[in-house]
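Visitor: I should like to understand how descriptive terms are justified for a protein model. Could you take me through the reasoning?

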Amino acid sequence: MWQIIFMNVRNQFNSLFIACFFIFGTNLFSQTAKGTLLGTVIDRNTQLPVTGAIVRIDGTELGAVVDLDGNYKISMIPTQSWNVTVSYLGYKTATKYNVVITAGNNSQINFQLEEDSKALSEIEIKINKSTRIASAETPLSIQNLSAEEIKSNPGGNFDISRVVQALPGVGGTSGNGSFRNDLVIRGGGPNENVYYLDGVEIPVLNHFSTQGAAGGPTGILNVSFIEDATLSSSAFHSRYDNPLSAVLQFKQRDGNKDRFQGNFRLSGTEAALTAEGPMGPKTSFLSSVRRSYLDFFFSLIDLPIRPNYWDFQYKITHRFNAKTTLTSLGIGAIDQFTFALPKNATPENLYVLSSNPMINQWNYTQGFTLKRIVNNGYWNLTFSRNMFDNRLDQFQDNYNGKQNDESKRSLKIESQEIENKLRFEHHVVNGSWRYSYGAGVQYVKYNNDVFTKARPEIKDSLGNIIQPSVQFNFKTAIDFLKYGLFAQVNRKFLNDDLLLSAGVRADANTFSNEGVSNLFNTLSPRFNISYAISSQWTINASIGKYHKILPYSSLGFRDSNNVLVNKDLPYMRSDHFVTGVEYIPKANLRFTLEGFYKLYNDYPVSMRDGISLANQGGDFGIIGNESIISNGKGRSYGIELFAQQKLNKSLFYTISYTLFWSQFSGATDEYIRSSWDTRHLFSMLAGYKFKYNWELGLKFRLQGGTPFTPFDLERSRVNYLVDGRGTLDYTRLNSLQLASFSQLDLRVDKKWNFNKFTFDLFLDIQNLLLANNPTFPAYTFQRNADNTGFQTTDANPIMPDGSNAIPLLLTESDPTLVPTIGFIIEF
């Protein structure tokens, strides 16, 4: 129900401003302003400058030569989108596509060139394979989005998590419509992914995050910082710990070293300010702040929820000398979600109030990386600290003045997760060999103060207990060390046509008493092979074993006897088997076809409900905060087809289709459809560049019906006054299915460039075709006419067990058109 309210307010607000887009949307001003492009060109393996490389703007005579420090700068570039190519003898030619040049900000594009052993030994017709982002370590199951593809994504609202959903194998929790950013990748749960920002892990990626799963309604990262985003859905490099389904890496650019610049963005939901510039001859900075103003508008139009968030981000880069660089980065957020009783309540609005907790969260990640170039390679030393503070409060009859009435409290969680991490990596190149190794250690603290009335006691007509009371009230505080080792080695054969890579990783901790601290229990080997059968065709295969520690909410759970009952459970495990083929017929066009099979072992299963925790993570709150066992199994398998054209003759696009099956077992060994088994994923993203800096973007997504579990109507009646929602019948887990989800989004941009100033006006329309938006059913009780209480069958006050209540099942699938208009000012 959240997304219905959220979309309606944006609809009302933005309809007041749509006319402005057409009033100012013509080419009123002549645009003779020029822009500047700058960046670096370095060797991918050694990280040394490629001095003398030539950088050119395709289709023009504009270009520059890379200097001794690896820098280049091209001025007086017409303000439009360009492709930029760099070449140098002995290296493979590389192209960055869809580079937008504006007058307001200097654009920054960095290149890492790969040596070409054939360049001096053979004369042949070669294809520029810049669209290929695979490497020996990850030869398949990897995709990349540039900064411009992220910024201009229709329906993305500058949210990187939402933009990634256009890539192959990436789905969402469609039962929540397009409202949340949960990333469901190749049938795995949202808690199976890890996220890195310039090599620093960021556990919390979204505002109002689900603890233990990272999903939420809107992302934290500022897209103005991002150079590109890379998603790996298998064949993970061994330096990453804890991925079971995906690694999402965000690469940030450095701040402008030449001059101060920035941008201000205003959209239908938020305002953001970004600034950057030099802090000295060797230091640059990037910084931003963003604030949502949804709480003000929701109050004005009498909606029941009050979401409010801030986020902050910065990056400082200091170059001591040509070989040593120190980078400091930080990201943080403050989130508050409260309620207010609407004057004109509807059953849907009141259900939102009763079924969701009030949320008070804050989090931050702070990281420092020292990079040193040495003979034949480089090393990184990274220290980071992250903290997540999460408070959830819920009361019975939340919306009827019962907040802070402790006798009506049904939920209190005050939780903190703190990690202090130190990691060392060394990367070395020796001829056709490339290898890397490293180690990491983490000091973890987890605190939780929990009170929850999970379920009341239920008796039959004879007085027999058919559902015992379930109530938790405990405090826990744990701290321990996690540590891990990794190594990866690559070798090129057959004149670089054959690439082999092998890696191994092992992780342990000091928390468990039963051998989890033994590194051999989590030994995770992996092997990859890639063979170029021609200049256009490459076949790839990968096999690997990956482990993930249980959520801290599970490790720190205590039962009624104050015992850490989950302490000695093993790491979760996933084995991947992937093969595929890649076809690159020309420089800007790429096709891939892959088949994948994932096997899960030691997956946590709820002792209370008997279901796999793989089905959780797509809602607000916390997962894993209960007694579990690790006897669950799972499997996910399917095929993916992907096509991508980078900017060519004003057009770029991606098209992907995934057919997959996702199944997990619970307390028994029976495999059952998981909550993510939507079976079909289709996405199409396209953009076209017109004259005079007009841009058009389209995105279409289709996702098969999401499985869901029906309500146990009898238990729902008894539990509702405590839970604020219905009780699911897990004996029929995921036996029903929603209708398919589909959505077409459109975005139009128009830029005006003046002297050191750019104004970008954009119109974004979600669900242009007015497709139905299927959502999960909701169970509630009928309210009386004046909304002072519940309507009953006997006109008496409602009984504690709900026996005289009138149940109401809410279903909502009405289409909603969501227009958003906003602007970006670059200065």
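Guide: Let us begin with a sheet in this predicted model. Four strands form an open sheet in the order β3-β2-β5-β6, and their pairing is antiparallel.

Visitor: What makes β3 and β6 stand at the edges of the sheet?

Guide: β3 (63–65) and β6 (94–100) each have a single partner strand, so one side of each is left without a neighbour in the sheet. Neighbouring strands of this sheet are turned by 15 degrees against each other on average, direction ignored.

Visitor: How do you know that strand β2 and strand β5 pair?

Guide: Two strands pair if there are at least two bridges between them. Strand β2 (residues 54–57) and strand β5 (residues 81–87) are joined by four bridges, so they meet that condition. The two strands run antiparallel, and Val55 stands opposite Val86 in β5. As a rule, the strands of a sheet pair through backbone hydrogen bonds, either parallel or antiparallel.

Visitor: Which sheet has mixed pairing?

Guide: An open sheet of five strands, in the order β9-β16-β17-β12-β13, has mixed pairing. At its edges stand β9 (142–146) and β13 (200–201); each has a single partner strand, so one side of each lacks a neighbour in the sheet.

Visitor: How do you know that β12 and β17 pair, and in which sense?

Guide: Five bridges link strand β12 (residues 193–197) with strand β17 (residues 246–252), in the parallel sense. The requirement is at least two bridges, so the two strands count as a pair. Within this pairing, Val194 has Val247 in β17 as its bridge partner.

Visitor: Why is Lys315 called buried?

Guide: A residue is buried if its relative accessible area is under 20%. Lys315 has 5% relative accessibility, so it counts as buried. Lys315 belongs to strand β21 (residues 305–321), and its side chain reaches the backbone oxygen of Gln252 at 3.3 Å.

Visitor: What makes that approach to Gln252 a polar contact?

Guide: A polar contact requires a pair of N or O atoms within 3.5 Å, one able to donate a hydrogen and the other to accept it. The side chain of Lys315 reaches the backbone oxygen of Gln252 at 3.3 Å, so the distance meets the cut-off. Beyond four places in sequence, Lys315 also touches other residues, including Asp198, Phe225 and Thr327.

Visitor: Is Glu276 buried or exposed, and how do you know?

Guide: Glu276 has a relative accessible area of 1%, and the limit is under 20%, so Glu276 is buried. Glu276 is located in strand β19 (residues 270–280). A polar atom of its side chain lies 2.8 Å from the backbone nitrogen of Asn256. Among the residues in contact with Glu276, leaving aside neighbours within four places in sequence, are Arg253, Arg259 and Phe285.

Visitor: Why is the protein chain called as compact as a globular protein of its length?

Guide: The chain has eight helices and 46 strands. Its radius of gyration is 27 Å, close to the 28 Å that the globule rule gives for 827 residues, so the chain is as compact as a globular protein of that length. Buried residues make up 60% of the 827 residues. Of the contacts with a separation of 6 or more, 68% come from residues 24 or more positions apart.

Key:
Residues are numbered from 1 along each chain as its sequence is written. This is a predicted model: local features need pLDDT of at least 70, side-chain atom pairs count only at pLDDT 80 or more; totals for chains, interfaces and linings use all residues. Side-chain values use heavy atoms; hydrogens and water are left out. Axes are lines fitted to C-alpha atoms, for helices over the stretch in contact, and angles run from 0 to 180 degrees between N-to-C directions. The radius of gyration is taken over C-alpha atoms; the globule rule is 2.2 Å times the number of residues to the power 0.38. Buried means under 20% relative accessible area, exposed over 50%, partly exposed in between (1.4 Å probe, protein chains only). Contact means heavy atoms within 4.5 Å.
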